[in-house]
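I opened the notebook to look up a few things in one structure. My entries follow in the order in which I worked.

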Amino acid sequence: MTTSDEAVAVLTVEAPPVARERSRWRLALPVGLLAVPMLAFLTYFFFYPALALLFSSIQTQDSRGIIGRPFTLAHYARLINVELYARVLWTTLRISIITSALATVLAYPVALVMVKSRPMVTRVITLIVIAPLIVSVVVRGYGWQLVLQNGPKGMLNWILMTLHVVDAPISVLYTETAVVIGSLHVFFPMMVLPLASALGKIDPNLEDAARMLGAPWWKVFLRVTLPLSMPGFVAGFTLVFSLTAGSFVIPAILGGASAVMLGNLIEQQIFVVYDWPFGAAIAVVLVGLVLAVNGVSMWLLEGRRLRRPD
Amino acid sequence: MDERFSGFGAFILYSITAGMMLFILAPLLLVMAASVSDSYFVTFPPQGFTLKWYAKVLQDRDFLEAMRLSILLALGTTVGSLLFGVPAAFALVRGHFVGLAAIKGFLLSPLIFPALITGLALLQVLNKLGSTDARLNLLIGHIVVTSPYVIRTVVTSLQLVDENLEDAARTLGASRLRTFWRVTLPQIASGVAAGGLFAFMVSFDNYPVTMWLANSEYSPVPLVLMRQLVNVFDPSVPAMSTIIILMAMVGVLILEKLVGLRRALAA
């Protein structure tokens, strides 16, 4: 290499990275400072309030409504020991688990068709799955109220009776089943999207190989597709579970008095009974539940057990 | 159809998929059908055709006031979350400092925190501060829950920006600000717009935070609708709902044009 070549090389290849590296170092601080307003805002209006809520859950409220000492865990004990409240906790867990399990079973076929069909079909399915996500939860709850309406004038009952599946109208509205149906509708996209993205990453050769070696379709699914799509499943299940457990609108509209969930109990304690410490304790339990499920799924996703050999 | 699906497996797959599409669309279609149905009570199958419920809704003071308030709140939230979120996204992508991952996790944490609890926690603190202006409280609450969406979409689009173009502009003598305006911003514009639209839609529909921070004087649309649903029987509810569904559809179409829906949601 001649000297002039070297000069050219330095000018065209090496100079920019060096310059950029230096400017990066000089810029490191100012660019980082751009995050400060957001950090300050969230610290003051999100992080601090969350801690304050945690704190008030171990405080006591006197007869004048003033919250303070002594510190106590009585509110947590109350949630578990009073049968009425414990039942709400179990209802919440049951509805969240059933909804996420149902979402999983129903989302696999949809995600598979979404990933493997012709572009036109994929596009239509994606739009139908995603579009309602943007429609207000209140409106969607209302839609289900109309569909599930008890009595012969409801859509579901009309269909069932016209097809002679049942002779008399069935009552679905204001039951746990109605809440599961509504939650499934609202959070289904949260299951389909991660599943579709996980399924899309699977090397089709692996499934073809299994098929060519004589595996029937269900065996290909159980032994190849299902294990390889686990990251999508875990992410989707976690999302649906967390969102369902923390929901308020759907149980309020579709569950009535027979399917009260933690969110509704919190609202009642704060707005009706004005029991802030107890309301805060229920909130902390709900957050704990959601964070625990998220923690387990992070552990599963980041541990080797679910990672594909790339 | 695809040759990879065949026989009984394909039959199950397509039946369930078709069933789910029906399941997703049914309640929305029924609401729309009910909004033009002539009978006072919602019955199935819908009877007759009328637009009188829409006429009623468009004269309903409470609903119009709620609409105005929701739109103003959503606009304010959009501006606020962009002002906070875009610079933060910049810092996350271009900054080189320790704890970057932790800071990113912190900035996105309102996403996994139940919004219902975010609102409650905020209500308690705002009460203590003596902040009784529902409009301001709602704005703060909505910015908290929408800013992660802005950060996510802007981070994604910033990662796609070719830094060489910025270097070229700088080499040719452009100042940092000019480089940002003329080179960087045009490249992330659709991401910023999508983030803003997301913030608008999330704010417009938000119930779990709004529920805590609104008062009887300032009730945004989801609250008014919920009240009509739970407390009084009002046959114009389907018409109000349909207006909201149509607005959401326009939002979805714009979002799809801007960045593609799947990318906007799954980033």
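Entry 1, confidence. I began with pLDDT, which is the predictor's confidence in each residue, on a scale from 0 to 100. I need it here because this is a predicted model. For chain A, I read a mean pLDDT of 86. I also noted that 88% of the residues of chain A reach 70 or more. I then looked at residues 1-19 of chain A, where the pLDDT is below 50. Leaving out near neighbours in sequence, I found five contacts for this stretch in the model.

Entry 2, chain A as a whole. I looked up the secondary structure and found 14 helices and two strands in chain A. Chain A has 310 residues, and I noted that 47% of them count as buried. I took the contacts in chain A with a separation of 6 or more and asked what share joins residues 24 or more positions apart. The share is 67%. For the surface, I wrote down that chain A exposes about 15400 Å². Carbon and sulfur atoms supply 69% of that exposed area.

Entry 3, one histidine. I picked His75(A), which I located in helix H3, residues 74-81 of chain A. Is His75(A) buried or exposed? Its relative accessible area is 10%, and the cut-off for buried is under 20%, so I entered His75(A) as buried. Next I checked what His75(A) touches, not counting residues up to four places away in sequence. I listed Ser57(A), Gln59(A) and Thr60(A), and also Pro277(A), Phe278(A) and Ala281(A). For Gln59(A), I noted a distance as well: its backbone oxygen lies 2.7 Å from a polar atom of the side chain of His75(A).

Entry 4, the interface with chain B. I looked up how many residues are in contact and found 91 in chain A and 85 in chain B. The area buried between chain A and chain B is about 8200 Å². Carbon and sulfur atoms give 81% of this buried area. Which residues of chain A lose the most area to chain B? I wrote down Met38(A), Phe46(A) and Ile134(A), which together make up 9% of what that side buries. I also asked which element gives the largest share of the side of chain A that touches chain B. That is helix H2, residues 36-56 of chain A, with 16 residues.

Entry 5, pairs across the interface. I looked for salt bridges between chain A and chain B, and the rule finds zero. For polar contacts across this interface, the rule finds three residue pairs, with both residues at pLDDT 80 or more.

Technical notes:
Residues are numbered from 1 along each chain as its sequence is written. Chains are lettered from A and ligands numbered from 1 in the order in which they are written. Side-chain values use heavy atoms; hydrogens and water are left out. Contact means heavy atoms within 4.5 Å. Helices (H or I, at least four residues) and strands (E, at least two) are DSSP runs, numbered from the N terminus. Buried means under 20% relative accessible area, exposed over 50%, partly exposed in between (1.4 Å probe, protein chains only). Accessible areas come from the Shrake-Rupley method with a 1.4 Å probe; for residues, only the protein chains shown count as cover. A polar contact is a pair of N or O atoms within 3.5 Å; within protein, one must be able to donate a hydrogen and the other to accept it, and residues adjacent in sequence count only if both atoms are side-chain atoms. Buried area is the accessible area (1.4 Å probe) that two parts lose on being put together, summed over both. A salt bridge is a side-chain nitrogen of Lys or Arg within 4 Å of a carboxyl oxygen of Asp or Glu.
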